[in-house]
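Here are some worked exercises to try with the model open beside you. Have a go at each task before reading its solution.

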Amino acid sequence: MPAILPLERRAQTEDRWLKQRFDTVLPQIMRRDKVSMWILVAGEYNEDPIVETMLPATWLHARRRTILVFFDPGEGKPIEKLALARYPVGDFAPAWNPDEQSDQWAELAMIVAARNPATIALNRAEGFPLADGLSATHYEAIVRALGPDMSKRLVSHERLGLGWLETRTSDEMATYPTISRISHAIIEEGFSERVITPGVTTSDDVVWYFRNRISELKLDTWFQPSVAIQRADGGKFSVQEMGYRGDTVIMPGDMLHVDFGITYLGLNTDIQRLAYVLKPGETEAPKGLRDGMAAMNRVRAATIAALKPGRTGNEVLAGARQQIEREGIEGTIYSHPIGYHGHGAGTWIGAWESQKLAPGRGDYRIDANTVWSIELNAEHRVPEWGGQKVRFMHEENGFLAPDGSFRFLDGGQESFILVPRP
């Protein structure tokens with residue numbers, strides 16, 4: 001288990017990263033998309049998801065109504081960062097004194113008029129909820145405050161917000177592999193004789209071990225872990241049901257599946273791993289199960305080969321599916337971005353319920369310096385289980401570099417986790 005920082009060091013790290021992002025990512029994406037000004041508004045406990053990522057680490061929520069304004073003065077000058085709020089917001093310049101001007105919206109209008117931006121971006125997007133954080137009430141208030149002429153410069157801008165959320169810095173990427181390694185270490189603990197006693201332990205016992213372990217380590221999770229069982233009994237299996245769950249007792253010969261993620265330093269993991277419970281005398285999983293994992297990893301290889309900057313999610317899905325169909329593999333691909341959010345900002349690469357191309361969400365272009373959850377499955381008939389079709393689930397997180405190369409943060413699964421360890 002890697003070292004885990006105390007809370008005060010985490011806050012310091014997140015604030016340092018945030019300052020670097022304002023100095024590097026912010027000007028890059030505003031100038032890439034030719035945006036003069038970006039206005040974000042958040043109400044307390046009803047934050048825009050993008051505003052949440054811009055607040056100081058000790059701000060667990062926005063306070064009252066918080067308005068953030070970014071303005072590019074041009075000529076290579078630094079982006080101006082203004083906060084219209086009743087409390088200081090990190091290193092944003094305070095831009096509103098309620099004692100002098102009681103109307104926060106009127107102050108915003110004066111700031112905009114003084115800078116006369118050519119375009120004003122707002123977080124409104126039909127197909128991407130993470131870039132759609134501006135409430136209808138706040139939008140109407142902005143339009144009223146700016147007036148009809150200046151309001152003509154308002155643009156709904158999904159790419160700007162998604163670019164902020166999806167782009168990772170070099171400092172973040174120096175640490176992200178450790179976050180993945182922590183996730184793997186917890187999974188290895190749960191899928192071990194430390195937790196599992198065949199014939200006694202249920203799948204829910206393992207689920208709650210994971211939840212309690214996350215809490216013990218003072219980490220968070222963004223979803224309830226799941227543990228599912230497949231076994232040689234012809235039982236049905238789907239991505240939605242994921243095999244036997246709940247009070248099912250784990251037995252020798254079972255294949256176990258976990259879907260697991262943590263939140264640490266503001267970043268998320270989303271990982272699935274497979275384990276096999278050894279029968280007496282066994283030292284490895286049956287060959288049919290191992291062949292199924294190999295087929296799963298061929299789907300993984302096809303997906304990674306197709307994942308390139310500049311392509312759309314639909315193009316990646318089509319290319320990867322063509323490859324696995326050539327290889328005669330029955331697989332399903334449903335990969336997604338990850339970062340500040342578990343199901344992160346950016347394009348869809350398929351969906352577990354449909355392998356058809358997705359208009360809109362699947363047409364978004366893939367950018368480099370992004371992290372991806374390579375999620376998929378393969379179905380394979382296992383002779384040792386009477387030819388039963390078994391579904392082999394995969395999910396692992398990795399980085400897409402500017403040169404188009406891809407690397408897993410902490411390796412991908414190549415063989416079963418064995419319980420107990422031989």
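A cavity is a set of grid points where a 1.4 Å probe fits but cannot get out, whereas a pocket is an open set. The model used throughout is predicted.

**Exercise 1. The enclosed space**

Task: Find how many cavities of 30 Å³ or more the structure holds, and describe the lining of the largest cavity.

Solution:
- Step 1. Start with the count: there are 2 cavities of 30 Å³ or more.
- Step 2. Take the volume of the largest cavity, which is about 50 Å³.
- Step 3. List the lining residues; among them are Leu165, Glu166, Arg168, Pro337, Ile338, Tyr340 and Thr370.
- Step 4. Assign them to elements: helix H5 (158-166), strand S13 (336-338) and strand S14 (370-382) each give two or more residues to this lining.
- Step 5. Sort the lining of the largest cavity by class, which gives 6 nonpolar, 4 polar and 2 charged residues.

**Exercise 2. The open space**

Task: Work out which element supplies the largest share of the lining of the largest pocket.

Solution:
- Step 1. Fix the scale: the largest pocket has a volume of about 900 Å³.
- Step 2. Turn to its lining of 32 residues, where Glu14, Glu52, Ala57, Thr263 and Gly266 lie nearest the centre.
- Step 3. Look for elements that supply at least two lining residues; these are helix H1 (7-32), helix H2 (49-52), strand S9 (263-264) and S10.
- Step 4. Pick out H1, whose 8 residues make up the largest share.
- Step 5. Check the chemistry of the lining of this pocket: 16 residues are nonpolar, 7 polar and 9 charged.
- Step 6. Zoom in on Thr263, which sits in strand S9. Its relative accessible area of 21% makes Thr263 partly exposed. Beyond four places in sequence, Thr263 touches Leu219, Asp220, Thr221, Trp222 and Asn268.

**Exercise 3. Salt bridges across the sequence**

Task: Show which parts of the chain are tied together by the salt bridges of Asp72 with Arg31 and of Glu80 with Arg115.

Solution:
- Step 1. Recall the principle: side chains of opposite charge can pair when their charged atoms come close.
- Step 2. Note the total, 27 salt bridges in the structure.
- Step 3. Take Asp72 and Arg31, with an N to O distance of 3.1 Å. Asp72 is in the loop between S2 and S3 while Arg31 belongs to helix H1, so this pair links parts 41 residues apart in sequence. Asp72 counts as buried at 14% relative accessibility, and Arg31 as partly exposed at 35%.
- Step 4. Take Glu80 and Arg115, whose closest N and O atoms are 2.9 Å apart. Glu80 is part of strand S3 and Arg115 of helix H3 (residues 104-115), so the pair ties together parts 35 residues apart in sequence. Both ends are partly exposed, Glu80 at 27% and Arg115 at 23%.

**Exercise 4. A salt bridge inside a helix**

Task: Say how Lys287 and Asp291 are placed in helix H8 (residues 287-306).

Solution:
- Step 1. Identify the contact: Lys287 and Asp291 form a salt bridge with closest N and O atoms 2.7 Å apart.
- Step 2. Place the two residues: they are separated by about one helical turn, because they lie 4 residues apart in H8.
- Step 3. Compare with a network, in which salt bridges with shared partners join Arg32, Asp33, Arg159, Arg365 and Asp367.

**Exercise 5. A buried acid**

Task: Decide how far Asp270 is from the nearest side chain of opposite charge.

Solution:
- Step 1. Locate Asp270 in the loop between strand S10 (267-268) and strand S11 (271-277).
- Step 2. Find that nearest side chain, which is Arg273 at 11 Å; Asp270 is buried and has no salt bridge.
- Step 3. See what Asp270 does contact beyond four places in sequence, including Trp222, Asp259, His336, His343, Glu395 and Asn397.

**Exercise 6. Backbone checks**

Task: Are Glu75 and Leu265, two non-glycine residues with positive phi, buried or exposed?

Solution:
- Step 1. Glu75 has phi of about 55° and lies in the loop between S2 and strand S3 (80-84). At 75% relative accessible area, Glu75 is exposed.
- Step 2. Leu265 has phi of about 60° and lies in the loop between S9 and S10. At 6%, Leu265 is buried.
- Step 3. Finish with the cis peptide bond between Val419 and Pro420, where omega is about -10°.

Note on methods:
Residues are numbered from 1 along each chain as its sequence is written. This is a predicted model: local features need pLDDT of at least 70, side-chain atom pairs count only at pLDDT 80 or more; totals for chains, interfaces and linings use all residues. Side-chain values use heavy atoms; hydrogens and water are left out. Buried means under 20% relative accessible area, exposed over 50%, partly exposed in between (1.4 Å probe, protein chains only). Lys and Arg count as positive and Asp and Glu as negative; His and the chain ends are not counted. A salt bridge is a side-chain nitrogen of Lys or Arg within 4 Å of a carboxyl oxygen of Asp or Glu. Contact means heavy atoms within 4.5 Å. On a 1 Å grid over the protein atoms alone, a cavity is a set of points where a 1.4 Å probe fits but cannot get out, and a pocket is an open set with protein on both sides within 12 Å along at least five of seven lines; lining residues have an atom within 4 Å of a point. Grid points are joined across faces, edges and corners, and a volume is the space filled by probe spheres set on the points. Ala, Val, Leu, Ile, Met, Phe, Trp, Tyr, Cys and Pro count as nonpolar, Asp, Glu, Lys and Arg as charged, and the others, Gly among them, as polar.
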